[in-house]
Amino acid sequence: MNVEGQQANPAKSGLEGIKTLAISVSSSRLFWTGLALFIILLVDLMISPNFFEIRLVNDRLVGSIVNILDNSAPYALLAIGMTLVIATKGIDLSVGAVMAICAAVAVTLIKQYEAGATEFYYQPGFVILITIGVGAICGLWNGILIAFLNLQPIIATLILMVAGRGVAQLITNGQSPTFTNDTLAFIGRGVVWGVPFPIYIAFVVLIFVTLLVRRTALGLLIESVGVNDRASYYAGIQANAIKVFVYVLSGVCAAIAGMIVAGEVKSADPHKAGLFSELDAILAVVIGGTSLLGGRFYLFLSVMGVLIIQSMLAGLYVSTLHPTTNLVVKAVVVLAVLLLQSPEFRRFISQPFGKLSRRRR
Amino acid sequence: MKSRFIPLLMTFIVFAAMYLFAYSRFSSFGSMRIVGNLLRDNAYWGIAAIGMTFVIISGGIDLSVGSVIAFTGVFCALMIGRNGWEPIPTFIVMLTIGTIFGATMGMLIHYFKIPPFIATLSGLFLARGMAYVLSTDSIRIDHPFYESVSKIVYIFPDKGRFTFAAGAFLIVLFIGIFVAHFTRFGRNVYAVGGNSDAALLLGVPIGRTTVMIYALSSFLATLAGIILSLSKQSGDSTIAVGLELDVIAAVVIGGTLLTGGVGYIIGTFIAVMTLGTIQTYLTLDGSLTPWWIKIVIGVLLFSFVGLQKLLSSRRGLRLFNFGREHNEVQQSA
């Protein structure tokens with residue numbers, strides 16, 4: 001589904017065929033995103049020759065690649081939810097704040113359990129379910145504001161983004177509570193068959209959501225709402241229900257990401273948990289080629305966008321550059337990737353080869 | 001009264017109500033002291049909010065303002081405090097850098113069709129990153145010029161202080177209102193935000209206007225950074241993190257529609273003063289914990305957009321029997 005255009009016109013032969021193939025490959029989103037990831041990994045390899053080395057230490061795989069995947073997991077979850085939101089021509093600025101709220105809820109409840117509370121809803125399993133429920137409620141609030149009150153997504157989610165961190169601080173009473181419970185910690189730092197557990201979570205959610213939207217009509221409906229919600233409504237699509245659904249899903253993804261982050265450090269920091277992660281998630285989705293104007297979406301490529309950002313950061317950590325330059329390099333690389341994907345920029349660069357680019361139109 | 005003034009009026013009513021409530025609890029709100037402090041403390045982000053109003057009226061968004069303020073502060077502190085530059089030339093150099101920075105973002109947005117959200121997000125990372133590269137620790141500025149600026153102050157009979165920062169804020173406000181409503185550029189900004197296709201057909205230079213809008217926003221953010229540097233007499237790369245959200249919230253509370261085409265500079269000013277009043281009240285009260293301010297801003301945002309929605313909906317129309325332009329804006333967006 002993501003590689004459309006690559007197999008176009010395979011029958012043509014000779015120079016013309018190669019040219020057509022080159023053009024169709026270069027207009028494929030997978031090509032440009034993949035190229036960006038490839039170049040960044042290549043640079044990483046040049047910085048550190050043993051970048052791809054993976055060793056087994058204490059039954060846990062250790063290496064830069066494992067770290068990239070592990071660090072990517074919460075962002076990948078956010079990006080999956082965000083992709084569907086953006087596909088409906090929306091945006092969810094609140095995911096970072098929802099992460100903070102959910103981390104605060106999970107840790108506050110689990111602390112009650114550790115203190116000896118015996119009610120069933122303090123059991124770790126229920127705490128996880130309750131946390132996911134809280135994420136869903138946050139998403140529901142966004143969805144209702146957007147679908148039924150018809151607010152602009154950027155404003156509606158800005159409300160929760162601004163207020164959400166206040167709510168998280170309210171829940172933890174301004175503290176950063178810590179916990180020791182193994183079940184909750186496992187979500188963030190557990191290891192199964194040598195691989196960190198968050199990677200499994202992100203992978204399972206990616207597969208599940210992909211199947212959900214591509215093996216049912218849901219993906220088509222989401223794209224339809226994103227292109228024109230009024231026309232979709234007249235065509236008999238429950239546009240409002242679709243919108244609510246994507247924000248709820250985004251909230252659930254943020255809840256899981258919040259628990260991963262809380263589990264990693266065994267604490268919930270209402271100020272820092274998920275801070276600016278909504279920006280990184282949106283960035284990843286855009287790098288993955290999903291337009292902020294809604295319509296076509298690319299789940300797999302969004303996750304690839306997350307990997308691009310994380311591979312770049314991993315390269316920076318192993319490089320000899322001073323950590324203060326991280327943000328500058330990030331800005332430059334992100335801009336380069338975005339320009340690489342901008343057709344206007346490619347046309348601008350390829351002016352001498354104007355013939356080729358004109359034919360593409 | 002014209003319908004487009006309704007959100008503005010509501011903003012003002014909320015401000016007045018909030019201020020009166022604060023006055024009823026603390027009589028010091030009646031003195032020029034608090035008024036002077038309100039203007040002084042909110043001058044820097046108020047100036048940035050005026051720039052943001054132009055951007056949002058044009059249908060865009062600028063996430064980079066907080067980072068630009070931080071970069072400006074560090075740059076000034078480094079050059080004046082450490083390298084011994086003269087303040088005035090430093091400010092001129094910094095304002096030039098800021099303007100070019102904004103213009104570059106405008107060009108990325110117009111010529112390469114990178115969405116404003118993403119282009120200015122890269123700007124956020126870049127400016128903050130450059131601030132870290134320049135210095136990660138706070139730098140003090142000891143310069144006679146800074147001392148003399150801090151002495152420029154008008155003292156009211158009741159010891160209220162009208163400082164340089166407050167004066168600069170009001171001057172920028174008046175220039176902003178003039179530019180928005182009485183110049184060709186101002187009209188172009190509204191035209192681009194209202195309907196950029198129609199604006200193009202009417203001969204509005206979309207590209208130049210877009211570049212100028214973002215240049216103006218960064219210019220004002222740089223100015224805000226300079227004002228902050230003058231009042232703090234130091235530079236720190238970690239200040240103003242997330243300030244852009246407060247700025248955007250103030251612009252929206254001030255009655256500017258994020259869809260573009262509708263909004264007033266004065267509304268933003270009143271909203272900045274409203275948020276400033278809440279902040280001052282919470283500080284004076286002391287019994288309310290600091291996170292309540294975030295929740296209050298959230299609630300205010302919610303009530304304002306709700307109100308705007310009501311005004312632009314069909315029922316709201318019948319209720320007030322006007323408000324056509326809101327509806328048109330929504331449909332074109």
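**Exercise 1. A salt bridge in chain A**

Is Glu223(A) buried or exposed? Work it out, then do the same for the partner in its salt bridge.

*Solution.* Keep in mind throughout that this is a predicted model.

Step 1: get the number for the acid. Glu223(A) has a relative accessible area of 12%. The cut-off for buried is under 20%, so Glu223(A) is buried.

Step 2: find the partner. The side chain of Glu223(A) meets that of Arg214(A) in a salt bridge, 3.7 Å from N to O.

Step 3: classify the partner. Arg214(A) comes out at 28% relative accessibility, so it goes down as partly exposed.

Step 4: put the pair in its setting. Side chains of opposite charge can pair when their charged atoms come close. A search of the whole structure turns up 7 salt bridges over all chains, and the Arg214(A)–Glu223(A) pair is one of them.

**Exercise 2. Tying two helices together**

Which parts of chain A does the pair Lys243(A) and Asp229(A) tie together? Give the distance and the burial of each residue too.

*Solution.* Step 1: check the distance. The closest N and O atoms of Lys243(A) and Asp229(A) are 2.9 Å apart, and the two form a salt bridge.

Step 2: place the ends. Lys243(A) sits in helix 11 (residues 239-265) and Asp229(A) in helix 10 (residues 229-234), so the bridge ties together parts of chain A that are 14 residues apart in sequence.

Step 3: look at burial. Lys243(A), at 9% relative accessibility, counts as buried, while Asp229(A), at 33%, counts as partly exposed.

**Exercise 3. Over to chain B**

Where in chain B are Arg82(B) and Asp137(B)? Start from their contact and finish with their accessibility.

*Solution.* Step 1: the contact. The side chains of Arg82(B) and Asp137(B) meet in a salt bridge at 3.9 Å, N to O.

Step 2: the places. Arg82(B) is in helix 3 (residues 65-82), and Asp137(B) is in the loop between helix 5 (116-134) and strand 1 (139-140) of chain B; the two are 55 residues apart, and the pair links distant parts of the chain.

Step 3: the exposure. Arg82(B) is exposed at 52% relative accessibility, and Asp137(B) is partly exposed at 43%.

**Exercise 4. What makes up the interface?**

How many salt bridges are there between chain A and chain B? Then describe what the contact is made of.

*Solution.* Step 1: count the charged pairs. There are 0 salt bridges between chain A and chain B.

Step 2: try polar contacts. With both residues at pLDDT 80 or more, the count across the interface of chain A and chain B is 0 residue pairs.

Step 3: see which elements of chain A take part. Helix 5 (124-147), helix 6 (153-172), helix 12 (277-287), helix 14 (326-341) and helix 15 (343-349) of chain A each give two or more residues to the side that touches chain B. Helix 6 of chain A has the largest share, 12 residues.

Step 4: sort that side by residue type. The side of chain A that touches chain B divides into 31 nonpolar, 9 polar and 4 charged residues.

Step 5: add up the contact. Chain A brings 44 residues to it and chain B brings 39. Together they bury about 3,600 Å², with 84% of that on carbon and sulfur atoms.

**Exercise 5. Two cysteines**

What is the distance from the sulfur of Cys102(A) to the nearest cysteine sulfur? Decide what that says about a disulfide.

*Solution.* Step 1: start with the total. The structure holds 0 disulfides over all chains.

Step 2: take the distance. The nearest cysteine sulfur to Cys102(A) is that of Cys138(A), 5.6 Å away. A disulfide needs the sulfur atoms within 2.5 Å, so Cys102(A) is in no disulfide.

Step 3: compare accessibility. Cys102(A) is buried at 0%, and Cys138(A) is buried at 10%.

**Exercise 6. Odd backbone angles**

Which loop holds Lys89(A), and which holds Ala240(B)? Check phi for both.

*Solution.* Step 1: recall the background. Most residues other than glycine have a negative phi.

Step 2: take Lys89(A). Its phi is positive, about 70 degrees. Lys89(A) is in the loop between helix 3 (64-87) and helix 4 (95-114) of chain A, and is partly exposed at 46%.

Step 3: take Ala240(B). Its phi is positive too, near 60 degrees. Ala240(B) lies in the loop between strand 4 (234-235) and helix 11 (243-253) of chain B, and counts as buried at 15% relative accessibility.

How values were computed. Residues are numbered from 1 along each chain as its sequence is written. Chains are lettered from A and ligands numbered from 1 in the order in which they are written. Side-chain values use heavy atoms; hydrogens and water are left out. A salt bridge is a side-chain nitrogen of Lys or Arg within 4 Å of a carboxyl oxygen of Asp or Glu. Buried means under 20% relative accessible area, exposed over 50%, partly exposed in between (1.4 Å probe, protein chains only). Helices (H or I, at least four residues) and strands (E, at least two) are DSSP runs, numbered from the N terminus. Contact means heavy atoms within 4.5 Å. Buried area is the accessible area (1.4 Å probe) that two parts lose on being put together, summed over both. A polar contact is a pair of N or O atoms within 3.5 Å; within protein, one must be able to donate a hydrogen and the other to accept it, and residues adjacent in sequence count only if both atoms are side-chain atoms. Ala, Val, Leu, Ile, Met, Phe, Trp, Tyr, Cys and Pro count as nonpolar, Asp, Glu, Lys and Arg as charged, and the others, Gly among them, as polar.
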